[in-house]
Amino acid sequence: MIDPDHFLETESGRVYVDAALSGARHRAPIIAVARGYGVPVDAVWIRVPLAVALERNRQRRADRVVPDASIRSVARLFEPPTREEGFSAVRIVEV
């Protein structure tokens, strides 16, 4: 269950979620919470080639490194966000 108070920034009325939500089914609960508050939902997809993600991961502090298998799994299962799933806009940032 998603706790909207964990994400809701009351001063601006904006909701921010920073997560690797690989599929529409993972993003659906967040979209539903935002809709419940009557706010539009925008997606910002920071598109990073797998090789770049793996290299940057290797450069992280030892206690922050994510297993390569996890990064590869997210990349394999990833479904690009779409307006059809409920986003008001989808912005793509190329890295």
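Let me begin with the largest pocket, which has 37 residues in its lining, and among these D18, A19, A20, V44 and I46 are the ones that lie nearest its centre. I should say at once that we are looking at a predicted model. The elements that contribute two or more residues to this lining are strand 2 (14-15), helix 2 (24-36), strand 3 (42-47), helix 3 (50-58) and helix 4 (68-77), and the largest share, 6 residues, is supplied by strand 3. The space within the largest pocket comes to about 1,500 Å³, and its lining residues divide into 26 nonpolar, 4 polar and 7 charged.

Let me stay with strand 3, where we also find W45. Is W45 buried or exposed? Its relative accessibility is 17%, and because buried means under 20%, W45 counts as buried. Leaving aside residues up to four places away in sequence, W45 touches F78, P80, P81, R91, I92 and V93. For one of these partners, R91, the C-alpha atom is separated from that of W45 by 6.1 Å, although the two residues are 46 apart along the chain.

I will finish with the nonpolar core. In soluble globular proteins, nonpolar side chains tend to be buried together. In this model, the largest nonpolar core has 5 residues, namely I31, A34, V41, A43 and F87. If we take V41 and again set aside residues up to four places away in sequence, its contacts are I31, A34, G86, F87, S88 and A89, and among them I31, A34 and F87 are also members of that core.

Terms used: Residues numbered from 1 in each chain as written. Predicted model: local features only at pLDDT ≥ 70, side-chain atom pairs only at ≥ 80, totals over all residues. Heavy atoms only, no water. 1 Å grid on protein atoms, 1.4 Å probe; cavity = no way out; pocket = protein on both sides within 12 Å on 5 of 7 lines; lining within 4 Å. Points joined across faces, edges and corners; volume = space filled by probe spheres on them. Helix = DSSP H or I, 4+ residues; strand = E, 2+ residues; numbered from the N terminus. Nonpolar A, V, L, I, M, F, W, Y, C, P; charged D, E, K, R; others polar. Buried < 20%, exposed > 50% of the residue type's maximum accessible area, 1.4 Å probe, protein only. Contact = heavy atoms within 4.5 Å. Core = buried A, V, L, I, M, F, W, Y, C linked by side-chain atoms within 4.5 Å.
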